[in-house]
Amino acid sequence: MRRLPLLVLLLAVALPASADAYKATLTVQGGLTAKLSYDKLLECSPGQSWTLSTSADMNLKARVEVSGTGTFVSAYSPKQIKGAKHAKQISGYSETNFCAPFAPVEQIKPKCQGFTVPGARVALTTKGASKKLYLALNAGPGTPQEQGGLCATPTMKATDPNAILSALQWGGQALTLPLDLRTRSALTLGHGKKLIRRLRIVGPCDAAQITHGKAEVTPLNPLEDGDCIVDGAINVELKRL
């Protein structure tokens, strides 16, 4: 019987202490756009050229409960919230055609349409060996399926291995973005205080960089057929109630 208090003490030392849970609001505003160049122009033959812009636009505010330990944080919106859109746009359209004396043929300009995401969930979570905070956002199961073919959202990937990029193009699609903050920042937030992060997402679609703060980043433009770039700015605010 005398060994029991010692065992309890050892367990108390081995297990990280949980911080007191608190209510907060988690606000996500901004978005990101993937631009894909399509250039099939031909001399004296039918051809087309355009840029497809596919975006995720967000203006979300959710009530969450923040809890965790020194190495893990959880803050999750129990309800789906409105305020996210999946947008598409065709710009810079041009075409070539047969030269005289041959008659030109009619070509169809693609029509790509977006939609309002009916509901999304936002959260904070901990990822990676460094136990840094990440924003996690998911399109709800009722989200429509995007147009495919020439209107399909290009694949996006960040240089951060724990980040996930998407345009919320169907249900379950996620955005997971690093906040460059340790878990302690959220767990020790005082009453009425805020954590605010501004994220910039810029670069080629297969290796986009995510930076923080007010660093100036030069936007890119796709140049040739198949080129794809990402450009985005997202503000994240956690406010303890």
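Is Ile234 buried or exposed? I took this as the opening entry, working from a predicted model.

**Entry 1: Ile234**

I looked up the relative accessible area of Ile234 and found 0%, so I recorded the residue as buried. I then located Ile234 in strand β11, which covers residues 228-240. Next I asked which residues Ile234 touches, not counting residues up to four places away in sequence. The list runs through Val28, Gln29, Gly30 and Gly31, then Met58 and Leu177, and ends with Arg197, Arg198, Leu199 and Ile201. I checked Gly30 further: Ile234 and Gly30 are 204 residues apart in sequence, yet their C-alpha atoms lie 4.4 Å apart in space.

**Entry 2: aromatic pairs**

How many aromatic pairs does the structure hold? I counted two. For Tyr38 and Trp50, I noted ring centres 4.1 Å apart and planes at 15°; the pair is therefore stacked, because planes under 30 degrees apart count as such. I placed Tyr38 in strand β1 (residues 19-39) and Trp50 in strand β2 (residues 47-69), and recorded that this pair links distant parts of the chain, its members being twelve residues apart.

I then followed Trp50 to its other partner, Tyr93. The rings of Trp50 and Tyr93 have centres 6.3 Å apart and planes at 20°, so I entered this pair as stacked also. Here too the pair links distant parts of the chain: Trp50 belongs to strand β2, whereas Tyr93 belongs to strand β4 (residues 84-96), 43 residues apart. I concluded that Tyr38, Trp50 and Tyr93 form one aromatic cluster.

**Entry 3: accessibility within the cluster**

Which class does each ring residue fall into? I found Trp50 buried, with a relative accessible area of 3%. The cut-off for buried is under 20%, and I therefore entered Tyr38, at 23% relative accessibility, as partly exposed. Tyr93, with a relative accessible area of 25%, is likewise partly exposed.

**Entry 4: charges over rings**

I returned to Tyr38 and looked for a charged group over its ring. The charged end of Lys40 sits there, 5.8 Å from the ring centre. I made the corresponding entry for Tyr22: the charged end of Arg240 sits over its ring, 4.2 Å from the centre.

**Entry 5: summary**

I note that Tyr38 has both a stacked partner in Trp50 and the charged end of Lys40 over its ring. Trp50 takes part in the pair with Tyr38 and in the pair with Tyr93.

Terms used: Residues numbered from 1 in each chain as written. Predicted model: local features only at pLDDT ≥ 70, side-chain atom pairs only at ≥ 80, totals over all residues. Heavy atoms only, no water. Phe/Tyr/Trp six-rings, centres within 6.5 Å; stacked < 30°, edge-to-face > 60°. Helix = DSSP H or I, 4+ residues; strand = E, 2+ residues; numbered from the N terminus. Buried < 20%, exposed > 50% of the residue type's maximum accessible area, 1.4 Å probe, protein only. Lys NZ or Arg CZ within 6 Å of the ring centre and 35° of its normal. Contact = heavy atoms within 4.5 Å.
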